[in-house]
Amino acid sequence: MRPQTIALLITSVFVFTACSSLPFMGSRERAAKAKPPMSEADAPSAPTPSPKVEAKAGDAEVLEAPATPPPKPSFLSGLAKRLGSDSGKANVGPCPAVRVLYDAQRFVELDGAERFENVGYTGEILNVRSVCRYVGSDPITIFMQLNMAFGKGPKAVGSSKVVNYWVSVTRKDIAVISRQTYKQNIVIPSGSDRIFTQSLPIVIKIPRANKDIAGANFEVLVGFELTPNQLEFNRNGKRFRVDAGVPR
């Protein structure tokens, strides 16, 4: 072979190798070696969708979290629903104050001198839970319930007793409008000396002369029916502890 021909072949090999390394060269060869389409079995699983966030006009962003069981209704939410406060309309004013009259908050039965061994039944109003409802010119409707505790001392007779308590509605700092007495049946089982219980639900309606009369003008007081001696005992600030009179 002639020297000129050998030199031309060597030059052509170098030119072809250099050009094939450029980006636009060799594309047909790479396309021919492309991987076959991926099957459904080989495809990666789709990512778990994240909770969506919607922004509504005038509202804060709302997160669409997975549904969870609704919370159990509380005591006050049940009362509110019963009184219709879930209708979307707010009360036109504040609720009347509901209080326990301190002098009538408790009672102690005594059979003899003021000693623990002479104590019969005792009772105390622990607190009162209440909600109210009134819109427009409607009367004020109050739904309330008392939490009470009762005890049985050495001189208590039997395991049951009927206790009377009252609920009074007043024009605040002016005069009593109405007063109603209720009965509470209590049973203290054998082997126990105290119980905690609730009164039956109480519903009170207070009429208003017009729509401008607010609940703040009224007050609701509750207390036990007491004898003169029991009332004096309370007003003197006297109390019996469970361990009173026990030798130390």
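1. Two strands are taken as paired if DSSP finds at least two bridges between them, and this definition applies to the hairpin with which the note opens. The model is a predicted one. Strand β7, covering residues 160–171, pairs with strand β8, covering residues 175–187, in the antiparallel sense over 12 bridges. Three residues lie between the strands of this hairpin, and D173 takes a positive phi near 60 degrees there.

2. Strand β7 also pairs with strand β11 (residues 218–224), again in the antiparallel sense, and this pairing runs over seven bridges. V167 is a useful residue on which to follow both pairings: its bridge partner in β8 is Q180, while in β11 V167 stands opposite V222.

3. V167 appears once more when the nonpolar interior is considered. The largest nonpolar core has 28 residues, and V167 is listed among those with the most contacts inside it, together with I142, M144, L146, F150, I204 and F224. The elements that give two or more residues to this core are β5, β6, β7, β10 (202–206) and β11, and the largest share, six residues, comes from β6. As general background, nonpolar side chains tend to be buried together in soluble globular proteins.

4. Which residues does I142 touch, if residues up to four places away in sequence are not counted? The contacts of I142 are P96, S130, V131, C132, I202, V203, I204, I206 and V220. Of these partners, I204 is itself named with I142 among the residues that have the most contacts inside the largest nonpolar core.

5. Q105 is found in the loop between β3 (97–100) and β4. Is Q105 buried or exposed? Q105 counts as buried because its relative accessibility is 17%, and the cut-off for buried is under 20%. Leaving aside neighbours within four places in sequence, Q105 is in contact with V100, G123, E124, I125, L126 and F224, and F224 is one of the residues with the most contacts inside the largest nonpolar core.

6. The structure holds eight salt bridges, of which three are described in this note. In one of them K155 pairs with D111, and the closest N and O atoms are 3.8 Å apart. K155 lies in the loop between β6 (140–152) and β7, whereas D111 lies in the loop between β4 (106–110) and β5 (119–133), so the salt bridge ties together parts that are 44 residues apart in sequence. K155 counts as partly exposed at 36% relative accessibility, and D111 is also partly exposed, with a relative accessible area of 49%.

7. R179 forms a salt bridge with E225, and here the closest N and O atoms are 3.4 Å apart. This pair links distant parts of the chain, with R179 in strand β8 and E225 in the loop between β11 and α4 (228–235), 46 residues apart. R179 counts as partly exposed at 47% relative accessibility, and E225 is partly exposed with a relative accessible area of 33%.

8. A further salt bridge joins D193 and R194, with the closest N and O atoms 3.0 Å apart. Both partners count as partly exposed, D193 at 36% relative accessibility and R194 at 37%.

How values were computed. Residues are numbered from 1 along each chain as its sequence is written. This is a predicted model: local features need pLDDT of at least 70, side-chain atom pairs count only at pLDDT 80 or more; totals for chains, interfaces and linings use all residues. Side-chain values use heavy atoms; hydrogens and water are left out. Helices (H or I, at least four residues) and strands (E, at least two) are DSSP runs, numbered from the N terminus. A salt bridge is a side-chain nitrogen of Lys or Arg within 4 Å of a carboxyl oxygen of Asp or Glu. Buried means under 20% relative accessible area, exposed over 50%, partly exposed in between (1.4 Å probe, protein chains only). A nonpolar core is a set of buried Ala, Val, Leu, Ile, Met, Phe, Trp, Tyr and Cys residues joined through side-chain atoms within 4.5 Å. Contact means heavy atoms within 4.5 Å.
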